[in-house]
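This report introduces a protein structure to a reader who has not met it before. The sequence and the model are shown first, and the description follows.

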Amino acid sequence: MSPGHKRQIAEEFVSGERCTARAACRHFGLHRSTFGYKAKEPDAWLAKLKCALRRMSNQHPELGYPKITRLLKKEGWQVGSRIVQRLRRELGLAVPAKKPKKRRKGASTGQPTKATHRGHVWTWDFVHDTTMRGGKLRMLNVIDEHTRECLCIHVDRRINAHKVQQILSGLIDVHGAPEHIRSDNGSEFIERNLREWLAENQIKTLYIAPGSPWQNGFIESFNARLREECLNREQLWTLTEARVVIEDWRWKYNNIRPHRSLGYITPLEFAQEEIEETTSTQCWDSGRPAASLRPSIDLLYNLEQLINPSRLTHALAQFG
């Protein structure tokens with residue numbers, strides 16, 4: 001039995017003069033202060049505030065208590081956010097908390113790394129635009145993080161995971177397979193068949209954290225340059241025109257446009273310098289000139305190895 005019920009029965013005994021209030025409290029185990037408590041009448045100001053709160057919450061059901069408090073203050077109500085929060089809970093007007101969306105993430109097969117040579121780390125991402133007629137344009141951009149060279153800008157209406165795999169396969173045939181490839185967690189990049197195909201080609205995946213584009217800064221910077229220097233300056237009416245214009249800009253980006261991060265040279269010049277340095281270093285280590293500069297020496301070296309007695313005996317033994 002609740003204290004309220006006990007007080008109600010005790011009051012009936014006392015009002016009927018059956019016993020005193022002290023005896024009724026002693027019999028029912030009720031405190032004297034509880035027996036003498038008088039419920040307060042509803043506050044008129046609080047009732048008006050509740051009406052205003054219901055009205056404001058119905059007009060703006062998407063807003064939480066801090067913004068509702070701000071709107072009430074504009075109407076002249078002297079209230080704080082705490083009382084508004086409490087009253088909204090009592091009246092069942094509180095906005096349910098948003099459940100965090102579970103994002104799909106790809107499993108990285110390599111550690112985050114900084115590109116140190118050509119073909120070390122590639123990165124790719126999508127850019128969206130529209131033609132003047134309202135058609136969709138989707139661009140898959142692929143760049144080499146070390147040389148900043150744009151390897152591909154594939155423009156199409158739709159590009160799915162299977163198309164992404166075909167594009168990357170074509171780039172591998174031309175430039176060779178990279179050691180790592182960095183991307184966000186787009187559905188095209190984390191598709192199971194694509195990840196299995198990358199694993200078969202010994203290409204390690206580097207997926208950035210969800211909602212962290214700064215972890216893929218090279219491709220984000222390239223996307224900004226593409227939009228600022230090409231897409232925002234051209235009127236593209238058809239898909240064919242878009243492919244031609246964007247491919248011309250890609251050639252300009254790789255062969256003409258100087259890059260501050262590369263010492264104000266083009267990606268093509270930077271790649272050529274790196275190839276020359278690598279070639280000279282390899283030739284210095286071997287003590288022999290570069291292959292392109294020594295055709296006759298290569299021929300003599302191969303003949304010398306061929307007529308080596310030990311190698312000749314071994315070859316004859318294999319052929320019986």
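## A buried histidine

Histidine 120 has a relative accessibility of 8% and therefore counts as buried, the limit for that class being under 20%. The structure described here is a predicted model. Histidine 120 sits in the loop between α6 (81–91) and β1 (121–130). Leaving aside residues up to four places away in sequence, histidine 120 touches Thr113, Lys114, Ala115, Glu179 and His180.

## The protein as a whole

The protein has 320 residues, of which 34% are buried. Its secondary structure comprises 13 helices and 5 strands. Among contacts with a separation of 6 or more, 57% are between residues 24 or more positions apart. The exposed area of the protein is about 21400 Å², and 53% of it is supplied by carbon and sulfur atoms.

## Salt bridges

Side chains of opposite charge can pair when their charged atoms come close. The structure holds 11 salt bridges, and the table lists three of them.

| Acidic residue | Basic residue | N to O distance |
|---|---|---|
| Glutamate 75 | Arginine 55 | 3.0 Å |
| Glutamate 149 | Arginine 118 | 3.5 Å |
| Glutamate 188 | Arginine 138 | 2.9 Å |

The salt bridge between glutamate 75 and arginine 55 has an N to O distance of 3.0 Å. Because glutamate 75 lies in the loop between α5 (65–74) and α6, and arginine 55 in helix α4 (residues 44–59), this pair ties together parts that are 20 residues apart in sequence. Glutamate 75 is partly exposed, with a relative accessible area of 41%, and arginine 55 is also partly exposed, at 35% relative accessibility.

Arginine 118 and glutamate 149 meet through their side chains at 3.5 Å, N to O. Arginine 118 belongs to the loop between α6 and β1, and glutamate 149 to the loop between β2 (136–144) and β3 (150–156), so the pair ties together parts that are 31 residues apart in sequence. Arginine 118 has a relative accessible area of 35% and is partly exposed, whereas glutamate 149, at 11% relative accessibility, counts as buried.

Glutamate 188 and arginine 138 form a salt bridge at 2.9 Å, N to O. This pair links distant parts of the chain, 50 residues apart: glutamate 188 is in the loop between β4 (180–183) and α8 (192–200), and arginine 138 is in strand β2. Both glutamate 188 and arginine 138 are buried.

Elsewhere, Arg225, Glu228, Glu229 and Arg257 are joined into one network by salt bridges that share partners.

Note on methods:
Residues are numbered from 1 along each chain as its sequence is written. This is a predicted model: local features need pLDDT of at least 70, side-chain atom pairs count only at pLDDT 80 or more; totals for chains, interfaces and linings use all residues. Side-chain values use heavy atoms; hydrogens and water are left out. Helices (H or I, at least four residues) and strands (E, at least two) are DSSP runs, numbered from the N terminus. Buried means under 20% relative accessible area, exposed over 50%, partly exposed in between (1.4 Å probe, protein chains only). Contact means heavy atoms within 4.5 Å. Accessible areas come from the Shrake-Rupley method with a 1.4 Å probe; for residues, only the protein chains shown count as cover. A salt bridge is a side-chain nitrogen of Lys or Arg within 4 Å of a carboxyl oxygen of Asp or Glu.
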